[in-house]
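The report below describes one protein chain, moving from its overall make-up to selected residues, their surroundings and their charges. Please read it alongside the sequence and the structure.

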Amino acid sequence: MGQALCCVQVDQSTVAIKETFGKFDDVLEPGCHCLPWVLGQQLAGHLSLRVQQLDVRCETKTKDNVFVTVVASIQYRALADKASDAFYKLSNTRAQIQSYVFDVIRASVPKLELDSVFEQKNEIAKAVEEELEKAMSAYGFEIVQTLIVDIEPDEHVKRAMNEINAAARMRVAANEKAEAEKILQIKRAEGDAESKYLAGLGIARQRQAIVDGLRDSVLAFSVNVPGTTSKDVMDMVLVTQYFDTMKEIGASSKSNSVFIPHGPGAVRDIASQIRDGLLQGNTVQN
């Protein structure tokens, strides 16, 4: 109906290409335009000025001979002031952009090892964008943004990389576990040494208290009972200790059978043995 009335409508963010008898005449902006077809004027087509996106998957090889698939996302748009170039100079814009992306990626990635490809993906994207901007500007297109959105190594390589990473983490965990066990053993040894030291200190203090008590007992008995000697007092103390020991052995429920000589003569023999041992020890020291 619009063509019959020689009127055409151009939508927003779109331009139309006007031809007269098959020759380019003008670029029509959004709005309503009159094209008398009887004068040979017609629309050759429309050109969108919106930003478009093209995802390109490119398979290539790295410097360390690993095949990877690089996925690049190209955002581009046609320029209004170069609409005629964008409409007439390229027959397949997307195929042209894809060819340039293939060329740049396959020239850049083989110079890098796999780890460097992941680390320098921004540099690869920048190289692709610069090459596309230089090439596509002559055809009336602007490259808005270029992104490397994915890098996919071969499945076997990906599995090997995961196994290497897992092994490295297990090695770190084993080292940390061994270090923790080492610290526990050191702390346990330090605690055992401290415990033995304190036990020895307690035994030494106990023996010192026994010696002090025996000395005080001997002095007190000698003063209160005239005519007694230190030997008599020690014999009586030994007898007392002997019976206390017998009492403790009999009162303990965990004691095994113990056979010891019993009787007044046995106490005398024990006292003699203790005195002889002390005298021999003093003789050796002197």
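A residue is called buried when its relative accessible area is under 20%, exposed when that value is over 50%, and partly exposed in between. The model is predicted, and the values that follow are computed from it. By this scale Asn65 is exposed, because its relative accessible area is 55%.

**Overall make-up**

The secondary structure of the chain comes to 7 helices and 8 strands. The chain has 286 residues, of which 23% count as buried. When contacts between residues at least 6 apart in sequence are considered, 62% of them join residues at least 24 apart. The chain exposes about 19,800 Å², and carbon and sulfur atoms supply 54% of that area.

**Two loop residues with positive phi**

Most residues other than glycine have a negative phi. Asn65, which sits in the loop between β6 (52-61) and β7 (67-78), has a positive phi near 60 degrees although this residue is not a glycine. Phe21 likewise has a positive phi, of about 55 degrees, without being a glycine. Phe21 belongs to the loop between β2 (14-20) and β3, and Phe21 counts as exposed because its relative accessible area, 69%, is over 50%.

**Phe24 in strand β3**

Phe24 lies within strand β3, which covers residues 23-28. Is Phe24 buried, partly exposed or exposed? With a relative accessible area of 35%, Phe24 is partly exposed. Once neighbours within four places in sequence are set aside, the residues in contact with Phe24 are Ile17, Lys18, Glu19, Ser84 and Tyr88. One of these contacts, that with Ser84, spans 60 residues along the chain, and the C-alpha atoms of Phe24 and Ser84 are separated by 8.1 Å.

**The loop between β4 and β5**

Leu35 and Leu39 can be described together, since Leu35 has its place in the loop between β4 and β5, and Leu39 is found in the loop between β4 (31-34) and β5 (41-48). Leu35 is buried, because its relative accessible area of 6% falls under the 20% limit. Apart from neighbours within four places in sequence, Leu35 is in contact with Cys6, Val8, Lys18, Leu28, Gln41, Gln42 and Leu43. The C-alpha atoms of Leu35 and Thr20 are 9.5 Å apart in space, while the two residues are 15 apart in sequence. Leu39, for its part, joins Trp37 and Val38 in a nonpolar patch on the surface, and the accessible area of these residues together is about 360 Å².

**Charged side chains**

How many salt bridges does the chain contain? The count comes to 7 salt bridges, including the pairs in the table.

| Salt bridge | N to O distance | Relative accessible area, acidic residue | Relative accessible area, Lys |
|---|---|---|---|
| Asp85 with Lys89 | 3.8 Å | Asp85, 23% | Lys89, 49% |
| Glu131 with Lys134 | 3.7 Å | Glu131, 25% | Lys134, 60% |
| Asp192 with Lys196 | 3.4 Å | Asp192, 38% | Lys196, 56% |

The partners Glu131 and Lys134 both lie in helix α4 (residues 121-136), where they are 3 residues apart, about one turn of the helix. Asp192 and Lys196 both belong to helix α5 (residues 155-224), and their separation of 4 residues is again about one turn of the helix. In the α4 pair, Glu131 is partly exposed, whereas Lys134 is exposed. In the α5 pair, Asp192 counts as partly exposed and Lys196 as exposed. For the pair Asp85 and Lys89, Asp85 is partly exposed, and Lys89 is partly exposed as well, because its value of 49% is not over 50%.

Other acidic residues gather on the surface, where Asp64, Glu113, Asp115 and Glu119 form a patch of negative charge. Glu113 has its place in the loop between α2 (93-108) and α3 (114-119), and a relative accessible area of 44% makes Glu113 partly exposed. Why can Glu113, at 44%, be part of such a patch? Membership requires a relative accessible area over 30% and no salt bridge, so the 44% of Glu113 satisfies the requirement on area.

How values were computed
Residues numbered from 1 in each chain as written. Predicted model: local features only at pLDDT ≥ 70, side-chain atom pairs only at ≥ 80, totals over all residues. Heavy atoms only, no water. Buried < 20%, exposed > 50% of the residue type's maximum accessible area, 1.4 Å probe, protein only. Contact = heavy atoms within 4.5 Å. Patch = residues over 30% accessible without salt bridge, like charges linked within 9 Å, V, L, I, M, F, W, Y side chains within 5 Å. Areas by Shrake-Rupley, 256 points an atom, 1.4 Å probe, with all protein chains shown as cover. Salt bridge = Lys/Arg side-chain N within 4 Å of Asp/Glu carboxyl O. Lys, Arg positive; Asp, Glu negative; His and termini not counted. Charge placed at Lys NZ, Arg CZ, Asp CG, Glu CD.
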